[in-house]
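Morning, everyone. Please bring up the sequence and the model on your screens, and we will walk through them together.

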Amino acid sequence: MAANKKLLFLPGDGIGPEVMGQVRRIIDWMDQRRHVSFDLDEDLVGGAAYDAHGSALSDATLDKAMNVDAVMLGAVGGPKWDNVERHHRPEAGLLTLRKELDLFANLRPATVIPALAEASSLKTDLVSGLDLMIVRESTGGAYFGLPKEITDLPDGGKRAVDTQVYTTAEIDRVCRVAFDLAGKRGGKLHSVEKANVMETGVLWREIATEIGKEYPDIELHHMYADNCAMQLVREPKQFDVIVTDNLFGDILSDCAAMLTGSLGMLPSATLSGADESGRRRAMYEPVHGSAPDIAGQDKANPLATILSYAMTLRYSFDMGEDADLIEKAVGNVLASGLRTGDIMQNGMTLVSCTAMGEAVTVELDKLAA
Ligand code: NAD
């Protein structure tokens, strides 16, 4: 098959290259066994790019990112670059990518793989079978609104201001992503804000309700953010898709993440709006960071990155069946008792990052046989 699917790999720093190496293994498997080829390019980002070019994201790399169907990123950062000026820090490369690609919808699934249900901080029966998706608005709201400042007061004290601001267009576009997703999943959407005390919440609710009329098949619920936090730990399986603003999404997605047990298991995607042909720019990455404490030791859990690759197939290339296959292979490998250190449990077998990646391809072989 012709390689018309353009993918840019940015492994980054720390364990980034190790976990991305295991995705390459799966890409090779797909090429050989399913005849699916990608036009795959690789480049530097973060500290590695700073060391090579004096910038955490070179113009040439950004240009490549603007011209592919999807970017896959490992992780950036580490103590080596802690004292670099802020605008050259590894994280600046990531923020520039998000801004320039206009990636405003952050998708964070929280799926409990049966073999890991006991690793959750909640009781197994509350989380087993859990499969929810949080869509977080990620370029607006309280983290970016102006004014944002600390000023001196005449009494010698200070005054700090963050501004929560949203426009119709910003709310509309992220809600549409969430409605579309709900349509492809369980057909249920919770729109989460605090319309009881915040004007942005009133506008958010109004717009979500309006868009809901265009999606009569989606069951739309409105929920206050504080209640949502409570419901996530009380009865998480009531949710299918949750859409919310930047600040609430930051908190609620971390809360949902812990329902699944481990940072090394969590994938994510960030999407832009759709162009006329329906194409969205997208970046896929594990939720975890560069884990400098275990970098270079072949100890990292590659599954969050492998699951991010499955999201790439599902959302950028409409290859849901292949994504299902990879997710199933990951579930089976865990069910067989293999564990990296971060998810190690009594009676299980401790394996390296490489061995975990190999096990997933062996399982793919069995599933595809
Ligand atoms: P971290 O996610 O890198 O690590 C937190 C803990 O989880 C560590 O003990 C680490 O060993 C463990 N861990 C993380 N991922 C793992 C995996 N795949 N397998 C096994 N164990 C894993 O967070 P941190 O320690 O707060 O940050 C370290 C560096 O990563 C910092 O420079 C930070 O800025 C950066 N960071 C980058 C991103 C990103 O690239 N998106 C996200 C978060 C943090």
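Let me begin with a term. A patch is built from residues with over 30% relative accessible area and no salt bridge; like charges are joined within 9 Å, and nonpolar side chains (Val, Leu, Ile, Met, Phe, Trp, Tyr) within 5 Å. The areas come from the Shrake-Rupley method with a 1.4 Å probe, and for residues only the protein chains shown count as cover. A salt bridge, in turn, is a side-chain nitrogen of Lys or Arg within 4 Å of a carboxyl oxygen of Asp or Glu.

Two sentences on ground rules. This is a predicted model, so local features need pLDDT of at least 70 and side-chain atom pairs count only at pLDDT 80 or more, while totals for chains, interfaces and linings use all residues. Residues are numbered from 1 along each chain as its sequence is written, and side-chain values use heavy atoms, with hydrogens and water left out.

Now the patch. M344, M348 and L350 make a nonpolar surface patch of about 260 Å². L350 belongs to strand β14, residues 349–350. Helices (H or I, at least four residues) and strands (E, at least two) are DSSP runs, numbered from the N terminus. Is L350 buried or exposed? Exposed, at 56% relative accessible area. The cut-offs: buried is under 20%, exposed is over 50%, and partly exposed is in between, with a 1.4 Å probe and protein chains only.

Next, cysteines. How many disulfides does a search of the whole structure find? Zero. The test is a pair of cysteine sulfur atoms within 2.5 Å. Take C228: its nearest cysteine sulfur, in C255, is 8.1 Å away. C228 is buried, with 0% relative accessible area. C353 also counts as buried, at 0%.

On to empty space. Rolling a probe the size of a water molecule over the atoms shows where such space is left. The search uses a 1 Å grid over the protein atoms alone: in a cavity a 1.4 Å probe fits but cannot get out, a pocket is an open set of points with protein on both sides within 12 Å along at least five of seven lines, and lining residues have an atom within 4 Å of a point. Points are joined across faces, edges and corners, and a volume is the space filled by probe spheres set on them.

The largest pocket holds about 800 Å³. It has 29 lining residues, and L94, L95, R98, R136 and E285 are the closest to its centre. Which element gives the most to that lining? It is α4, with five residues. Elements that supply at least two residues each include β3 (70–75), α9 (246–259) and β11 (267–274).

Cavities now. There are two of 30 Å³ or more. The largest has about 50 Å³ of space. Its lining includes R108, A110, S253 and V287. β4 and α9 are the elements that give two or more residues to that lining.

Backbone next. Most residues other than glycine have a negative phi, and most peptide bonds are trans. Here are some other cases. L146 and P147 are joined by a cis peptide bond, with omega about 0 degrees. P147 sits in strand β6, residues 145–152. A291 has a positive phi, near 40 degrees. D298 has a positive phi too, near 60 degrees. A291 is in the loop between β12 and α10, and D298 lies in the loop between β12 and α10 as well. A291 is partly exposed at 21%, and D298 is partly exposed at 31%.

Last topic: charges. Side chains of opposite charge can pair when their charged atoms come close. The count here is 28 salt bridges. One joins D102 and R173, with the closest N and O atoms 3.4 Å apart. D102 is in the loop between α4 and β4 and R173 is in helix α6, so the pair ties together parts 71 residues apart in sequence. Another joins D152 and K158, at 3.1 Å. D152 is exposed at 61%, and K158 is exposed at 60%.

A further bridge pairs D226 with K194, at 3.2 Å. D226 is in helix α8 and K194 is in the loop between β8 and α7, 32 residues apart. D226 is partly exposed at 46%, whereas K194 is buried at 16%. Finally, D41, D43 and K64 form one network through salt bridges that share partners.
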